[in-house]
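Work through the following exercises with the sequence and the model open side by side, and try each task before reading its solution.

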Amino acid sequence: MSCSIPGLEDAGCLFLFGYNPNTSHPVVARRIVKAKEKGARIIVGDPRFIETARIANIYLPLNNGTNLAFLNTFANAIVTEGLHDQQFIDNHTVGFDDWWKIVEQYTPERTEAVTGIAPQLMREAARMYATAKPSAVLCWGMGVTQQKQNVESVHAIAAIACISGQIGKPNSGVAPVRGQNNVQGSCDTGCLPHIFPGYQPITSLEAREKFAKAWSVPVEKLSGHVGYKVSNIGSLIEEGKVHAFYNMGEDPLQTEPDTNKLERQLRQLDIFICQDIFMTQTCLAADVILPATSWGEHEGTFSASDRRFQRFSAALPPKGECRHDWDIIQDLSTRMGHPMSYQNTEEIWDNEMRALWERAYGASYERLEGLGSLQWPVPSLDHPGTPDLHLGGNFNKPDGRARLYASDFEQPTEMPCEQYPLILCTVREVGHYSCRSMTGNCRALSKLAEEPGYAHVNPVDAGRRGIKQDDLIWVFSRRGKIITRAEIDSRVNEGTIYMTYQWWIGKCNELTIHAVDDKAATPEDKYSACQIEVIDDQVWAERYAMESYMKMKELLAGEAAAQFGSTAAQKDSGLNSFGGSA
């Protein structure tokens with residue numbers, strides 16, 4: 001993010017594109033409401049009439065899978081209406097002429113049949129965004145990144161901010177909100193196959209020499225080869241390129257697309273290790289399970305979406321065999337021949353982050369304890385942190401100028417057809433978190449929303465198929481078939497159903513297509529072809545759903561008990577070694 005989350009309140013316009021903060025980030029949603037109360041204009045671009053659309057000044061119900069066509073058209077409207085900032089373009093960007101050669105073809109009239117947005121409404125929204133005072137912020141989420149042309153769409157968003165001059169000043173620019181807590185932190189610390197901590201490329205000899213010296217290893221030990229992305233693991237196993245997989249804090253058999261195929265692929269590994277806090281469906285397929293501490297049992301730092309370092313403390317000591325993630329990694333590294341001897345997370349933070357990334361140096365534990373948070377860059381111990389990036393139009397390039405990129409629109413990978421006439425789009429459920437391995441073990445939350453979950457269906461699509469509210473239905477695609485409950489929802493657009501991947505029985509990722517883009521390798525979770533039908537015998541369906549759920553719970557609990565057992569003290573407390581109630 002080029003701005004801060006609190007700073008959203010002081011922007012003149014917030015454009016939410018492919019982002020539903022009420023279910024993804026309720027705290028951010030509250031900031032947006034406060035911005036509206038302060039006079040900000042709100043634009044929402046989403047196929048669904050999301051909660052924020054209720055307070056929006058303009059709602060743009062674009063067609064599913066047309067993000068890049070829409071963004072190119074929006075940019076076209078800014079330029080053709082004379083709303084662009086020519087001075088900013090001339091002084092702070094590169095590539096406008098080549099960018100415009102593509103964008104000029106996407107007039108609102110020409111693309112209306114694709115995007116579904118009337119030309120007048122497109123121009124009105126462009127005018128509201130480009131002329132906003134004192135600033136505008138374009139926010140996006142998984143609705144942009146989990147699409148076929150995700151990188152191209154982010155390029156388009158960045159270009160829109162630049163050509164309109166809505167970046168480089170306080171509370172302005174781009175706000176990519178992360179899908180889960182500490183995704184930003186994992187990127188900051190180098191959990192990507194092409195970078196060291198602090199976004200320093202492994203392909204750079206200078207960077208490798210720097211980290212080799214810090215880690216006391218020969219520079220030859222640090223490969224400049226860009227590694228694999230987790231979304232490609234399955235195909236790489238089949239190709240014989242991956243033989244071992246160490247999975248930490250993830251449940252890919254819940255969250256990755258086409259999970260049935262992925263499970264078959266994971267079982268081909270020579271060794272599969274899972275490090276987690278609960279027994280999950282992924283752990284069931286593992287050869288080795290390492291029980292880790294939960295969020296309440298360890299301490300450290302994390303980064304929020306707006307580059308904000310925050311420190312957190314443990315509330316409880318570890319139970320049973322559970323150990324901290326860093327302690328497990330350190331022990332394993334030492335046994336494999338590279339000794340590590342850190343005593344706590346502060347030593348790790350100081351030596352692995354602050355000492356090796358100048359933008360984090362000023363964020364000591366002492367300062368984070370006193371201030372609560374600091375936003376990087378924070379290069380010195382007296383630096384206040386950086387709420388806003390690119391002030392004055394200075395960008396992170398050798399010449400200080402932003403690059404403008406444009407690409408032509410392409411259709412999604414799998415289009416609806418006669419057999420599968422509906423679009424399946426995965427979304428979040430506010431009552432549960434991520435893959436639900438934690439919140440699914442909370443009785444209170446399970447009472448609010450329970451298996452087999454819901455498919456949100458437009459009343460027209462439901463009526464055509466004789467589906468009523470709360471009916472159990474089949475949802476099927478080319479990859480599988482699952483049972484779920486119908487939620488007749490007038491807010492969702494006709495021709496599309498919306499499901500969350502969080503349910504164990506009604507798991508929509510058994511249906512989603514495993515198609516990834518060639519740049520970020522992010523699954524196309526927002527667009528697959530599917531069909532739905534009502535189950536005639538609802539009594540049988542209720543029994544089948546319940547029996548399937550209980551069988552899954554018993555399997556997970558039984559495997560946890562078989563693997564780890566229980567100490568006398570844990571038996572007295574009613575907790576197994578995973579701390580759960582499943």
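## Exercise 1: charged pairs and their exposure

Asp 331 has a relative accessible area of 22% and is therefore partly exposed. This value, like the others below, is computed from a predicted model.

**Task.** Find which side chain meets Asp 331 in a salt bridge, and then decide whether Asp 350 and Arg 354 are buried or exposed, or in between.

**Solution.**

1. The partner of Asp 331 is Arg 323, and the N to O distance in this salt bridge is 3.1 Å. Arg 323 has 31% relative accessibility, so it also counts as partly exposed.
2. Asp 350 forms a salt bridge with Arg 354, where the closest N and O atoms are 2.8 Å apart. Both residues belong to helix H17 (residues 345-354), and they lie four residues apart, about one turn of the helix.
3. An α-helix has 3.6 residues a turn, so residues three or four places apart point the same way.
4. The cut-off for buried is under 20% relative accessible area. Asp 350, at 25% relative accessibility, counts as partly exposed, whereas Arg 354, at 11%, counts as buried.
5. For a further pair, take Lys 241 and Glu 239, whose closest N and O atoms are 3.3 Å apart in a salt bridge. Lys 241 is partly exposed at 49% relative accessibility, and Glu 239 is partly exposed at 47%.
6. A search of the whole structure gives 27 salt bridges.

## Exercise 2: a helix and its packing

**Task.** Identify which residues of helix H16 (residues 325-335) are buried, and which strands they pack against.

**Solution.**

1. In H16, the buried residues are Ile 328, Gln 330 and Ser 333.
2. The buried residues of this helix pack against strand E9 (244-248), strand E10 (271-276) and strand E11 (288-291).
3. Beyond the helix, H16 is followed by Gly 337, which has a positive phi near 110 degrees.

## Exercise 3: an enclosed strand

**Task.** Explain why strand E18 (residues 472-476) is described as largely enclosed, and find which strands pair with E18.

**Solution.**

1. Five of the five residues of E18 are buried, so the strand is largely enclosed by the rest of the structure.
2. Leu 472, Trp 474 and Phe 476 point one way from E18, while Ile 473 and Val 475 point the other way, and all are buried.
3. Strand E19 (residues 481-488) pairs with E18 in the antiparallel sense over five bridges, and the two strands form a hairpin with four residues between them. Within this pairing, Ile 473 has Thr 484 as its bridge partner.
4. Strand E21 (residues 528-534) also pairs with E18 in the antiparallel sense, over four bridges. Here the bridge partner of Trp 474 is Glu 533.

## Exercise 4: the contact of two domains

**Task.** Using the domain assignment, describe what the interface of domain 2 and domain 3 is made of.

**Solution.**

1. The assignment gives domain 2 as 183-193 + 228-304 + 307-386 and domain 3 as 422-559. Their centres, taken over C-alpha atoms, are separated by 29 Å.
2. Domain 2 gives 19 residues to the contact and domain 3 gives 25 residues.
3. The area buried between domain 2 and domain 3 is about 2,000 Å², and carbon and sulfur atoms give 59% of it.
4. Across this interface the rule finds zero salt bridges, but it finds eleven residue pairs in polar contact.
5. On the side of domain 2 that touches domain 3, the elements that give two or more residues are helix H13 (252-255), helix H14 (259-266) and helix H15 (281-284). The largest share of that side, three residues, comes from H13.

Key: Residues are numbered from 1 along each chain as its sequence is written. This is a predicted model: local features need pLDDT of at least 70, side-chain atom pairs count only at pLDDT 80 or more; totals for chains, interfaces and linings use all residues. Side-chain values use heavy atoms; hydrogens and water are left out. Buried means under 20% relative accessible area, exposed over 50%, partly exposed in between (1.4 Å probe, protein chains only). Contact means heavy atoms within 4.5 Å. Two strands pair if DSSP finds at least two bridges between them. A salt bridge is a side-chain nitrogen of Lys or Arg within 4 Å of a carboxyl oxygen of Asp or Glu. Domain bounds come from an automatic or database domain assignment. Buried area is the accessible area (1.4 Å probe) that two parts lose on being put together, summed over both. A polar contact is a pair of N or O atoms within 3.5 Å; within protein, one must be able to donate a hydrogen and the other to accept it, and residues adjacent in sequence count only if both atoms are side-chain atoms.
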